[in-house]
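Biologist: I should like to go through this model with you term by term. Please justify each word that you use.

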Amino acid sequence: MTTEGGGTLARARVVLSLRDFRQLVFVRLCTQFGDGLFQAVILGSVVFSPTKHSTSVGVAKALAILVVPYSLVGPFAGVFIDRWPRKLILVVTPLVRAGLAFLAIGGTGPAVPFYAGALLVLSANRFLLTTATAVVPKLVPADDLLMANSVSTTSGTLMRFLGVAVGGPLIDAFGNGPVIVATAVAWGLTSMFAMRIGSDLSPELAPAGPLSEHVARVARELRDGAGRLLHTPRALAPITSVTWNQFLNGIIFVVSLVVFRERFHKGVGSYSSLVVAGGIGVMLGLATVNLLEGRFTRRTVMSASFVISGVPLITVAGAINRYDILIVSFLLGLAYSWLKIPADTATQEAIPDRYRGRVFSIYDIAQNMSGVVAALIAIPLVSNRTIGGLVAGVGVLFLLWTPVILRWLRRSATMGVRFYAGSRADETPRSVMLAGEETPVEVERSWREERAGARLRCFRLALPDGTRIEVSRAEDGGPWRLDRELTS
């Protein structure tokens, strides 16, 4: 059954009518609601516990627990998922996580069991979510994959936000214990829904060779992805900008929690408020970014996001109150979406499909780890600088990046195209430079067109791996630009 030609709601209803996919969505909803609750427990235990005296150190520990498993385990998860029974992963992992979560009860106890348990819980979560994504094609027709992925991922993300929003006030009112129990119940339900999936989720062809070879291959591919990224300025510029944005956001996150705990004497519920405010901003940004890209250049939208982040920080730096923090959190979330979506699109367009997975793995690690690095750097800054001065300084750093990203994106929006020898009128592309690699091409089509008052010469080129791209430049010369990579 397909949904071609239907509206968005109609297509969503159709994919949800598929019984096994519906069970998978319930798996997502339950596990990510539990994730949100557990995230609140981690923050409550290492940041807002009365026995913890350094908020900034606590935030650094919390971010390390929350982020490092995702960053380091993630690229290697697929190696195991392609070998282990996928339904067994979906059924057993939530039960293991529920048992380990009880190590986090009363996080003021022995540090080693608490941190070890939390790291194992979150590392196992990466396997669970990656498996849930990997099995979607087994449960829905190919024409419905985009809608199925959208429904599954978006609903799960919303439930995680809800878990954080609910967990913080509950911890303030009742402590960690009841919230840990609720988390374990949510993960128990995850296992129950996974058991109800009747479809065969096994990979069609298990990978050959020993596991160690595949782990080593992933490590080599990550290194190769980093090399390709460094040779592709059109991707390096947006990825660096997102990483810098997340680094600065990480410092503001630490400062916000310090202010809530030490100045306003608030509990972990304040963290929930920050997440909700930022989440609303992210959602609004996701809903409006396409409207902006229809009216402004991608370069303008991305650079404007840094202005929208920096100006409010400088504005509130003189006299910070709790409402200022929530408004700033909302605006930072809004600006993040306006940066991230164009950045992802630019990276996808700049990197050939055969390298894209490896580059996005590096992108994911850089973006996530920047928050941990920011928290570590924030520890001495919070101790030795005034909060207002630190907030204003971060705002200035946001604004200073605006001309950098504008210039970098403008200069990197070109590509190398080599031609066969001949007259200028008869020149035909013979190769292109993509991701630092010269690749031979065949011309499928050439034409001229006018854009924004400029007359352009355009080519559609076929690469040896089947990829097809369209390139253009002004008729009177100048740099070549990669317009698009065709999907079919």
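Biologist: Why is Asp 35 called buried?

Modeller: Its relative accessible area is 8%. Buried means under 20%, exposed means over 50%, and partly exposed lies in between (1.4 Å probe, protein chains only). Asp 35 is therefore buried, at 8%. The model is a predicted one, in which local features need pLDDT of at least 70 and side-chain atom pairs count only at pLDDT 80 or more, while totals for chains, interfaces and linings use all residues. Residues are numbered from 1 along each chain as its sequence is written, and side-chain values use heavy atoms, with hydrogens and water left out.

Biologist: What makes the contact between Arg 97 and Asp 35 a salt bridge?

Modeller: A salt bridge requires a side-chain nitrogen of Lys or Arg within 4 Å of a carboxyl oxygen of Asp or Glu. The N to O distance between the side chains of Arg 97 and Asp 35 is 2.8 Å, so the pair qualifies. Arg 97 belongs to helix 4 (residues 86-101) and Asp 35 to helix 2 (residues 19-46), so the salt bridge ties together parts that are 62 residues apart in sequence. Arg 97 is also buried, its relative accessible area being 0%. In the whole structure, seven salt bridges are found.

Biologist: How do you know which stretches are helices and which are strands, and how many of each are there?

Modeller: Both are DSSP runs, numbered from the N terminus: helices are H or I, at least four residues, and strands are E, at least two. By that rule the protein has 15 helices and seven strands.

Biologist: How do you know that the length of helix 12 agrees with its number of residues?

Modeller: The expected span is 1.5 Å times one less than the number of residues. Helix 12 (residues 298-316) has 19 residues, so it should span 27 Å; its end C-alpha atoms are 29 Å apart, which agrees. Its buried residues include Val 301, Met 302, Phe 306 and Leu 313.

Biologist: Why do Arg 468 and Glu 444 count as a salt bridge?

Modeller: Their side chains meet at 3.1 Å, N to O, which is within 4 Å and therefore satisfies the definition. Arg 468 is in strand 6 (residues 468-474) and Glu 444 in strand 4 (residues 442-451), so parts that are 24 residues apart in sequence are tied together. Arg 468 is buried at 18%, whereas Glu 444, at 44%, is partly exposed.

Biologist: What makes Arg 460 and Glu 470 a salt bridge?

Modeller: Their closest N and O atoms are 2.6 Å apart, so the limit of 4 Å is met. Arg 460 lies in strand 5 (residues 454-462) and Glu 470 in strand 6, 10 residues apart. Both Arg 460 and Glu 470 are buried, and in strand 5 seven of the nine residues are buried.

Biologist: Why is strand 5 said to pair with strand 4 and with strand 6?

Modeller: Two strands pair if DSSP finds at least two bridges between them. Strand 4 and strand 5 share nine bridges in the antiparallel sense, so they pair. Strand 5 and strand 6, also antiparallel, are joined by seven bridges, so they pair as well. Ser 446 stands opposite Phe 459 in strand 5, and the bridge partner of Arg 460 in strand 6 is Glu 470.
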